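Biologist: I am new to this structure and should be grateful for a close look at a single part. Please describe the metal site together with the elements around the site.

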Amino acid sequence: MLRKVENRPVIKLKSPREIGLMREAGRVVALALDRVRKLAVPGVTTADLDAAVAEIFREHGAIPLFRGYPCSVKGKPPFPAVICASVNEQVVHGIPNRRPLRQGDVISIDTGCKLNGWCGDAAVTLAVGAIRPEHQKLLDVTAETLALAIRATARCRTWSEVANLMERYVKSQWMYVIEKFVGHGIGQDMHEEPQVPNFVSKALRKNDIRLEPGLVLAVEPMVALGTKDVRTLDDGWTVETKDRAASAHFEHTVALTTEGPRILTLLDD
Ligand code: MG
């Protein structure tokens, strides 16, 4: 289904049948993240986690969406892995490697797959063993930012109302919303219109997003303890906080329906 609004990008609304197909892709992503949650203990490497997710996608006949994704930095190679694994001060797009995870690490795992032509995308930040209380608070606040955004889509008319709630909640916890990266529409492509910021951006003020049944969004707040400023490392991918304090990232693929928001990347309905 195509919908064109004057001077606005094309937002492809999904039918209930299409949302059902996206749910199947989302379930495979949820299975993969559930496996990662169980595996992420001290001594395991992010390369091990990557292999485990690749195996789950293979078992289900799903195509990994991240491997081979072109780099936005000129001259840098495409993304080499099935998951992004971002440890501690790394925010997003970390490349899996052979360094064993250590007790006290916080690790963000983001992954997506395409199944029968439809995409699912989700992320979670996990504690490796016992972590510092301020890091646990960061994980809790980021998870709640995602949860409150999803709940808010049931009663808000536009995305800027939701983004405002997300931004205000994070500020009230004395933390920072990362602004360099945003969520996105998702469907037959992983990245579709619209862009979905986790704060009230200038673009949103100019061109707000109407929340309506059929809209499917990957909602993905990134929150940091010390600063919203980030930099990209020489590999062209890994993004870390400028002050190298920890950050967290949670994401779900969410469909707006006449019965309210439906999270497509949960294990069980
Ligand atoms: Mg995403």
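Modeller: In this predicted model, strands E4 and E5 form a hairpin, with 2 residues between the two strands. Asn116 lies in the turn of this hairpin and has a positive phi of about 50°. On either side of the turn, strand E4 (residues 106–115) pairs with E5 in the antiparallel sense, over 10 bridges. Within this pairing, Lys114 stands opposite Cys119 of E5. Strand E5 is mostly covered, as 9 of its 10 residues are buried.

Strand E5 leads to the metal site, since Asp121 lies in this strand, residues 118–127. Asp121 coordinates the magnesium ion through OD, and His184 does so through NE2. Glu220 and Glu251 are also donors, each through OE, and the distances are 2.2 to 2.3 Å. Along the chain, the donors follow the spacing D-x62-H-x35-E-x30-E. His184 belongs to strand E7 (residues 183–185), so the pair Asp121 and His184 ties together parts that are 63 residues apart in sequence. Asp121 is buried because its relative accessible area, 2%, is under the 20% cut-off. His184 has a relative accessible area of 5%, so this residue is buried as well.

With His184, the description passes from E5 to an open sheet. Strand E7 belongs to this sheet, in which 5 strands are arranged in the order E8-E7-E9-E14-E15 with antiparallel pairing. The edge strands are E8 (192–196) and E15 (260–263), each of which pairs on one side only. From one strand to the next, the twist averages 25°. Towards the E15 edge, strand E14 (residues 252–257) pairs with E15 in the antiparallel sense over 4 bridges. Within this pair of strands, Val254 has Ile263 of E15 as its bridge partner.

Two helices accompany this part of the sheet. Helix H3 (residues 133–152) packs on the sheet and touches E9, E14 and E15. The direction of H3 makes about 15° with that of E14. Helix H1 (residues 16–39) lies across E14, E15 and strand E9 (216–219). H1 runs at about 160° to E14.

To draw the parts together, the magnesium ion is coordinated by Asp121, His184, Glu220 and Glu251. Asp121 is in E5 and His184 in E7, while E7 is one of the strands in the open sheet.

Key
Residues numbered from 1 in each chain as written. Predicted model: local features only at pLDDT ≥ 70, side-chain atom pairs only at ≥ 80, totals over all residues. Heavy atoms only, no water. Donors = N, O, S within 2.8 Å, 3.2 Å for Na, K, Ca; no water. Buried < 20%, exposed > 50% of the residue type's maximum accessible area, 1.4 Å probe, protein only. Pairing = 2+ DSSP bridges. Axes fitted to C-alpha atoms, helices over the stretch in contact; angles between N-to-C directions. Contact = heavy atoms within 4.5 Å.
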